[in-house]
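Good morning. I will walk through one structure today, one part at a time. Please keep the sequence and the picture in view while I talk.

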Amino acid sequence: MSKTVGIVGAGASGLVAIKICLEEGLLPTAYERSSTIGGIWNYVEDTSPSSSGRMYKSLVSNVCKISLCYSDFPMSPNVPPYPNHEQYIQYIHDYTDHFKLREHIQLNTEVTKIEKAEDYDVTGRWTIHFRQDRKEPVKKTFDFIMICSGYFTNPVIPTYPGLDDFTGRVSHAAHYRRREHFEDKKVLVIGESLSSCDIATDVSFSAKQVYLSLRNGFWLLKKRGLGGYPLDCYVLNRFTISMAPQWLVKYVLGGYFHIDANHDALGIGPNRPIFRTPLGINDFLLGQLMNGRVKPTPTVKRFSPKGVELIDGTKLDNLDAVIFGTGYTVTTPFIDDNLVPGKVVNMAVARVIYSGGVKVANSDWLDVLSN
Ligand SMILES: Cc1cc2nc3c(=O)[nH]c(=O)nc-3n(C[C@H](O)[C@H](O)[C@H](O)COP(=O)(O)OP(=O)(O)OC[C@H]3O[C@@H](n4cnc5c(N)ncnc54)[C@H](O)[C@@H]3O)c2cc1C
């Protein structure tokens, strides 16, 4: 008889998990707590701190469609090289229909608990407790479980002296939706990775002034590579990731990105080599830095009711809003910490794939994702 697999979540990872299980002759059931598939790629207008949405209106993928798509399901030629979130969520639905995955998904079903089955010592099976449409939880036992519940779960806002007394708007990148919400405002974005660079750029087209507070600096990459081809065709390929010596890749790419944009002159100078410090991937940020709409600043020392003092003593007054692009912590509240093999704190995708306690992949190259 076929083995059964219980899957938590029907986002991009849960969907491919269903498909692979079917290909292997397994019987998957995915539990998805929201009313639709696709996870964080669903745009949600709600900006409140409890909102599950993570997309903003202008979001365009930071990798090209060749890297973004599932390897056995190319995106339509009508989709541009860098799809926006609406095109990507449509692609997710097309993928789901093409491989007939929907019948294996139970929507509006929240997994509340996963535990070892009573006969675990003999069978190795797991019991999933789930609640459908807010009814009483029920449980079902599976031969295997796959947790695909995402890692952008809990937005992190660091503590700063005086932050509680700041009278402007305080939010996290998770709840940024539209640049119009900040029209003519003075906005401080704190953070130096993908989301903070994107949001600082986006909001700068509407705000009066944007400050971007940096700790280590970052490498600024553009999506447009040599000859107008997507950059990741050059950067994210088998040769650069696994065949060429990594020192050579870093030397060549670091040199290329420095020639493309003088990071020190722009005030964003990364203090570590490429792929050892955060990346920003944005074609418009360079222009907004050069015309002063986005001003890089050092780290914040403390907040005042109307602004901030930076570690170099500079004061930024009359700030209307601060947006924290300061990352997330991963939580899996439905399973006992002791049952998760290793703390899921590292954001590098390949490092949070576990197989019976064994980390299946590890690559220096992926360090960038954990910054
Ligand atoms: C702003 C932003 C931009 C991004 N841009 C890109 C990009 O350009 N390119 C790229 O490759 N990646 C990007 N990513 C990374 C993105 O996380 C992945 O592309 C991918 O969507 C992750 O899918 P997932 O299925 O792992 O997680 P999610 O999309 O988070 O899906 C997890 C699912 O699990 C469900 N779930 C969670 N807990 C439970 C539970 N207890 N019971 C039932 N269901 C549950 C959730 O409702 C959700 O649907 C971006 C991420 C963010 C936040």
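How many of the 5 residues of strand E10 are buried? The count is 4, so strand E10 is mostly covered. Before I go on, please note that this is a predicted model.

Let me stay with E10 and look at its partners. On one hand, E10 is joined to strand E11, residues 209–213, by 5 bridges, and the two run parallel. One pair to find on screen is Lys186, which stands opposite Gln209 in E11. To get from E10 to E11 the chain passes through helix H5, and this β-α-β crossover is right-handed. E10 is also joined to E18, by 4 bridges, and this pairing is parallel too. There, Leu188 stands opposite Val322 in E18.

Now the helix in that crossover. H5 covers residues 194–204, and 11 of its 11 residues are buried, so the helix is largely enclosed by the rest of the structure. Among the buried residues are Leu194, Cys197, Asp198, Ile199 and Val203. What do the buried residues of H5 pack against? They pack against strands E10, E11, E13, E14 and E18, and against helix H10, which spans residues 285–290.

Next, the sheets. As a reminder for those new to this, strands of a sheet pair through backbone hydrogen bonds, either parallel or antiparallel.

One open sheet has 4 strands in the order E3-E2-E1-E7, with parallel pairing. Strand E3, residues 105–106, and strand E7, residues 144–147, stand at the edges with a single partner strand each, so one side of each has no neighbour in the sheet. Strand E2, residues 27–31, is joined to E3 by 2 bridges. Ala30 stands opposite Ile105 in E3. Helix H1 lies across E1, E2 and E7, and runs at about 165 degrees to E2. Please remember H1, as I will return to that helix.

Another open sheet has 3 strands in the order E4-E5-E6, with antiparallel pairing. Here E4 and E6 are the edge strands, each with a single partner, so one side of each is left without a neighbour in the sheet. On average, neighbouring strands of this sheet are turned by 25 degrees against each other, direction ignored. Between E4 and E5 there are 7 bridges, and Glu110 stands opposite Arg131 in E5. Between E5 and E6 there are 5 bridges. Two pairs can be pointed out there: Phe130 stands opposite Val138 in E6, and Ile128 has Lys140 as its bridge partner in E6. E5 and E6 form a hairpin with 5 residues between them. In that turn, Asp133 has a positive phi of about 50 degrees.

Now the ligand. Which residues come nearest to the ligand? Of the 28 residues around the ligand, the nearest are Gly9, Gly11, Ser13, Gly39 and Gly150. By class, the shell has 13 nonpolar, 11 polar and 4 charged residues. Helix H1, residues 12–23, and strand E4, residues 109–116, each supply at least two residues of this shell. The largest share, 3 residues, comes from H1. That is the helix we met lying across E1, E2 and E7.

My last stop is a single residue, Tyr160. Tyr160 lies in the loop between strand E8, residues 154–155, and strand E9, residues 169–172. Is Tyr160 buried, exposed or partly exposed? Tyr160 has 17 C-beta neighbours inside 10 Å, and so Tyr160 counts as partly exposed; a buried residue would need 20 or more.

Tyr160 also has contacts far along the chain. Leaving out residues up to four places away in sequence, Tyr160 touches Val300, Arg302 and Phe303. Tyr160 and Phe303 are 143 residues apart along the chain, and their C-alpha atoms are separated by 6.9 Å.

To recap, we began with E10, which has 4 of its 5 residues buried, and with H5, which has 11 of 11 buried. We then went through the sheet E3-E2-E1-E7, with parallel pairing, and the sheet E4-E5-E6, with antiparallel pairing. We ended with the 28 residues around the ligand and with the loop residue Tyr160. That is the end of my part.

Note on methods. Residues numbered from 1 in each chain as written. Predicted model: local features only at pLDDT ≥ 70, side-chain atom pairs only at ≥ 80, totals over all residues. Buried ≥ 20, exposed ≤ 12 C-beta atoms within 10 Å, placed from the backbone. Contact = placed C-beta atoms within 7 Å. Near = placed C-beta within 6 Å. Nonpolar A, V, L, I, M, F, W, Y, C, P; charged D, E, K, R; others polar. Pairing = 2+ DSSP bridges. Axes fitted to C-alpha atoms, helices over the stretch in contact; angles between N-to-C directions. Right-handed = clockwise from strand over helix to strand, strands pointing away.
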